[in-house]
Amino acid sequence: MESFETKCSINPGPPPVPVMPPFYYTPPPYSGPSAEEILYLREKYLIEQPPYYEKPLNLVDGKMQYVFDENGKRYLDALAGVAVVSCGHCHPAVEEAIINQMRRIQHTTVLYLNHTLTDYLEALAAKMPGNLKVFFFLNSGTEANELAMLMARLYTGCNDIISLRNAYHGNGPTTMATNGLRTEKFNIVQTGIHHAMDPNPYRGVFGSDGKKYAQEVQNIIDYATSGKVAGFISEAIQGAGGVIELPHGYLPVVYEIVRRAGGLCIADEAITGFGRTGSHFWAFENHDVIPDIVTMAKGIGNGCPLSAVVTTPEIAQVLSTHTLYSTFAANQISTTAGLAVLNVIERENLQANAFSVGSYLKARLIALKDKYEIIGDVRGRGLMLGVELVTDQEEKTPATEETSAILEEMKEMGVLVGIVGLYLNVLRILPPLCFTMADADFFVDVLDNAIWKITHK
């Protein structure tokens with residue numbers, strides 16, 4: 001195998017210093033507390049994972065695909081609050097819609113009639129295939145997935161749910177049980193959950209053969225259950241697990257197997273939905289399947305707490321026998337934001353932009369892979385991409401320390417990106433859908449520089 005040094009012998013010097021694309025917005029001066037003061041108070045009062053970076057950023061302003069720190073430094077945001085800011089920071093149309101609604105009424109609960117809810121329901125239902133037409137709104141992806149699995153269990157009368165190794169679906173009691181990563185679980189009692197082999201084209205034993213991985217689901221039903229199950233839940237592209245796209249042919253076979261066993265098929269679109277994968281509005285559509293239940297969150301509200309579960313009227317009937325209620329869900333602010341997001345995605349062709357810019361960005365990342373031995377894999381679809389870093393191409397040894405160092409270098413050069421995967425060796429790229437070709441070039445040029453610096457120390 002060609003060594004890293006041999007690959008770089010044609011151009012042994014560092015890459016040119018990247019130049020951030022020009023931008024029209026300059027934030028007003030910031031006069032609030034410093035990063036050091038905020039960090040002190042966070043560490044004193046907040047129960048939460050530590051922030052990114054050796055010197056955490058105090059981000060005080062944002063506009064579209066850019067954010068600004070307390071000193072006015074601009075950063076290209078390739079994480080977007082973990083895919084939440086779908087349309088762009090402070091998008092004027094979303095901002096205006098929210099402000100106008102706040103001036104009228106902010107919250108009454110679904111106990112009263114509210115046209116912002118029904119306007120949104122009608123628009124969102126038009127985006128769903130088949131008979132997926134009735135919704136229940138909540139506040140987070142965790143809540144949505146918890147409800148989806150509750151509905152599957154109630155509808156089928158079975159308890160067993162099949163999830164995937166390497167999956168992430170939330171941090172509630174049931175969702176945590178479905179998580180297939182030890183880093184995303186506490187030592188709690190977990191019942192009725194079975195984890196099937198992860199269909200990982202890069203690290204999996206069957207490569208990209210989706211049908212062979214699907215057989216593992218049948219094996220679980222045959223050997224670990226009564227032969228009947230409540231359902232199967234999966235992401236079409238695993239997020240926290242390292243941006244793993246399920247191989248072609250996997251989901252159609254699995255859905256058939258699960259339905260034969262009486263179960264429902266749940267698609268977790270918390271990250272992948274709302275046009276992020278480019279080729280389709282929902283990632284499951286890339287696999288030619290129609291789930292029985294779909295959950296959605298994150299980019300649904302461009303930053304407003306909102307999530308949803310959509311299913312068929314028949315399945316939804318299982319919730320009619322008892323009271324199920326969420327106080328804040330579907331309030332006027334969140335549903336107004338949700339409708340504004342749908343309108344912006346349509347009007348500005350953001351799904352098509354995710355496809356064209358994402359395809360270009362992926363091609364440039366693949367070209368970078370040919371230059372650096374540390375890049376083991378480039379994967380994903382649209383503007384949900386992953387770059388897995390390894391210290392050994394054949395052994396696929398995770399380059400955990402190097403990935404962290406690259407994250408720091410990219411921040412210094414003005415690019416924010418995420419790190420995911422069991423070994424924290426995958427760069428996760430989830431920018432706002434308004435990302436441009438110039439942004440893609442700058443991102444790759446910064447990554448090029450960061451890798452060169454780390455690998456030449």
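With 457 residues, a compact globule would be expected to have a radius of gyration near 23 Å, and the protein chain comes in at 22 Å, so the two agree. Keep in mind as you look around that this is a predicted model. Laid along its principal axes, the C-alpha trace spans about 70 × 55 × 45 Å. Of the 457 residues, 55% are buried. What the chain does expose adds up to about 20200 Å², with carbon and sulfur atoms supplying 55% of that area.

How is the chain built up? Its secondary structure comes to 14 helices and 18 strands. Contacts often reach a long way along the sequence: take those between residues at least 6 apart, and 73% of them join residues at least 24 apart.

A good place to start looking is the open sheet of 7 strands, which runs in the order β4-β12-β11-β10-β7-β5-β6 with mixed pairing. The edges belong to β4 (134-138) and β6 (193-196); each has a single partner strand, so one side of each is left without a neighbour in the sheet. On average, neighbouring strands here are turned by 20 degrees against each other, ignoring direction. For a look at one pairing, try β11 (residues 293-296) and β12 (residues 307-311), which run antiparallel over 4 bridges. Within that pair, T295 stands opposite V309 in β12.

Now for the helices that pack on this sheet. Helix α6 (residues 141-156) touches β4, β5 (161-164), β6, β7 (231-234), β10 (264-268), β11 and β12, and its direction makes about 25 degrees with that of β12. Helix α9 (residues 250-260) also packs on the sheet, touching β5, β7 and β10, with its direction at about 155 degrees to that of β7.

Let's stay with α6 for a moment. Its 16 residues reach 23 Å from first C-alpha to last, close to the 22 Å expected at 1.5 Å a residue. Which of its residues are buried? They are G141, T142, A144, N145, E146, L147, A148, M149, M151, A152 and R153. After the helix comes G157, which has a positive phi near 75 degrees.

From α6 you can step over to L264, a residue of strand β10. Is L264 buried or exposed? Its relative accessibility is 6%, and since buried means under 20%, L264 counts as buried. Leaving out residues up to four places away in sequence, L264 touches A152, Y155, T156, A230, G231, F232, V258, D292, I293 and I315. If you want a yardstick across the model, P199 is 65 residues from L264 along the chain, and their C-alpha atoms are separated by 20 Å.

Further along the chain is helix α13 (residues 400-412). At 1.5 Å a residue its 13 residues should span 18 Å, and the end C-alpha atoms are 19 Å apart, which agrees. The buried residues of α13 are T403, I406, L407, E408, E409, M410 and K411. What do they pack against? Their partners are β3 (74-77), β14 (384-392), β16 (415-416), β17 (418-420), β18 (426-429) and α14 (437-455). The helix is followed by G414, where phi is positive, near 100 degrees.

Note on methods: Residues are numbered from 1 along each chain as its sequence is written. This is a predicted model: local features need pLDDT of at least 70, side-chain atom pairs count only at pLDDT 80 or more; totals for chains, interfaces and linings use all residues. Side-chain values use heavy atoms; hydrogens and water are left out. Two strands pair if DSSP finds at least two bridges between them. Helices (H or I, at least four residues) and strands (E, at least two) are DSSP runs, numbered from the N terminus. Axes are lines fitted to C-alpha atoms, for helices over the stretch in contact, and angles run from 0 to 180 degrees between N-to-C directions. Contact means heavy atoms within 4.5 Å. The radius of gyration is taken over C-alpha atoms; the globule rule is 2.2 Å times the number of residues to the power 0.38. Buried means under 20% relative accessible area, exposed over 50%, partly exposed in between (1.4 Å probe, protein chains only). Accessible areas come from the Shrake-Rupley method with a 1.4 Å probe; for residues, only the protein chains shown count as cover. The expected span of a helix is 1.5 Å times one less than its number of residues.
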